[in-house]
Amino acid sequence: MALPVNRAVDEIVLTGRVADVATTTPGYVVSPVKGRIVRAYSVVEGTTNGAAVISFAISGATALTPTLTIASGAVAGEVDSCEFANTSLCLVTEGGTISI
């Protein structure tokens, strides 16, 4: 069995939830420390009827790229992810709001 990719030990995981990815109502997460958003993951809790594109923004600023896409017909337990470029748009302050 191949070993997974090693990740830095100084990463912090934040968890947020969006009630329905088919709506435009965002979810929010507060960052407990200053830092840089590196990647995002999603897991589906049901079955999707259409594709959903999830974007992330810090303190209401421009959305980060790339976005995370959940395919149409995704089933419970399916995981999607995206990794963000190392730019100043990915920097978050302590207490900063991250919208999903």
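This report describes the fold, salt bridges, cysteines and some single residues of a predicted model.

**Overall fold and confidence**

The protein chain has 100 residues, of which 27% count as buried. It holds 0 helices and 9 strands, and its pattern along the sequence is β-β-β-β-β-β-β-β-β. The C-alpha trace spans about 40 × 35 × 20 Å along its principal axes. About 6900 Å² of the protein chain is accessible surface, and carbon and sulfur atoms account for 56% of that. Contacts across the sequence are frequent: among those between residues at least 6 apart, 67% join residues at least 24 apart.

The mean pLDDT of the protein chain is 86, with 97% of its residues at 70 or more. Confidence is highest in strand E1, at 93, and lowest in strand E4 (residues 52-54), at a mean of 88. Where pLDDT is low, the predicted coordinates should not be read in detail.

**Salt bridges**

The structure holds 3 salt bridges. The table gives the distance between the closest N and O atoms for each pair.

| Salt bridge | Closest N and O atoms |
|---|---|
| Glu11 and Arg39 | 2.9 Å |
| Glu45 and Arg17 | 2.6 Å |
| Arg39 and Glu83 | 3.9 Å |

Glu11 forms a salt bridge with Arg39. This pair links distant parts of the chain, with Glu11 in the segment before E1 and Arg39 in strand E3, 28 residues apart. Glu11 is partly exposed at 35% relative accessibility, while Arg39 is buried at 19%.

Arg39 also forms a salt bridge with Glu83, with 3.9 Å between the closest N and O atoms. Because Arg39 lies in strand E3 and Glu83 in strand E7, the pair ties together parts that are 44 residues apart in sequence. Glu83 has a relative accessible area of 48% and is partly exposed. Glu11, Arg39 and Glu83 are joined into one network by salt bridges that share partners.

Glu45 forms its salt bridge with Arg17. Here too distant parts of the chain are linked: Glu45 is in the loop between E3 and E4, Arg17 is in the segment before E1, and the two are 28 residues apart. Glu45 is exposed, at 60% relative accessibility, and Arg17 is exposed as well, at 55%.

**Cysteines**

A disulfide is a covalent bond between the sulfur atoms of two cysteines. The count of disulfides in this model is 0. The sulfur of Cys82 has its closest cysteine sulfur in Cys90, 9.6 Å away, so the two are too far apart for a bond; the cut-off is 2.5 Å. Both residues are covered: Cys82 is buried with a relative accessible area of 9%, and Cys90 is buried at 2%.

**Residues in strands E3 and E7**

Val43 is in strand E3 (residues 39-43) and is exposed, with a relative accessible area of 52%. Leaving out residues up to four places away in sequence, Val43 touches Gly77, Glu78 and Val79. The C-alpha atoms of Val43 and Gly77 are separated by 5.7 Å, although these residues are 34 apart along the chain.

Asp80 belongs to strand E7 (residues 79-83). Asp80 counts as buried, at 16% relative accessibility. With residues up to four places away in sequence again left out, its contacts are Ala40, Tyr41, Ser42, Leu68, Thr69 and Ile70.

**Backbone exceptions and a surface patch**

Most residues other than glycine have a negative phi, and most peptide bonds are trans. Two places in the loop between E5 and E6 depart from this. Ser59, which is not a glycine, has a positive phi of about 50°. Ser59 lies in that loop and is exposed, with a relative accessible area of 51%. The peptide bond joining Thr65 and Pro66 is cis, with omega about 0°. Pro66 is in the loop between strand E5 (57-58) and strand E6 (68-70).

On the surface, Ile12, Leu14 and Val33 make a nonpolar patch of about 230 Å². Of these residues, Ile12 lies in the segment before strand E1 (28-30).

Definitions and conventions
Residues numbered from 1 in each chain as written. Predicted model: local features only at pLDDT ≥ 70, side-chain atom pairs only at ≥ 80, totals over all residues. Heavy atoms only, no water. Patch = residues over 30% accessible without salt bridge, like charges linked within 9 Å, V, L, I, M, F, W, Y side chains within 5 Å. Areas by Shrake-Rupley, 256 points an atom, 1.4 Å probe, with all protein chains shown as cover. Salt bridge = Lys/Arg side-chain N within 4 Å of Asp/Glu carboxyl O. Helix = DSSP H or I, 4+ residues; strand = E, 2+ residues; numbered from the N terminus. Buried < 20%, exposed > 50% of the residue type's maximum accessible area, 1.4 Å probe, protein only. Contact = heavy atoms within 4.5 Å. pLDDT = per-residue confidence, 0-100.
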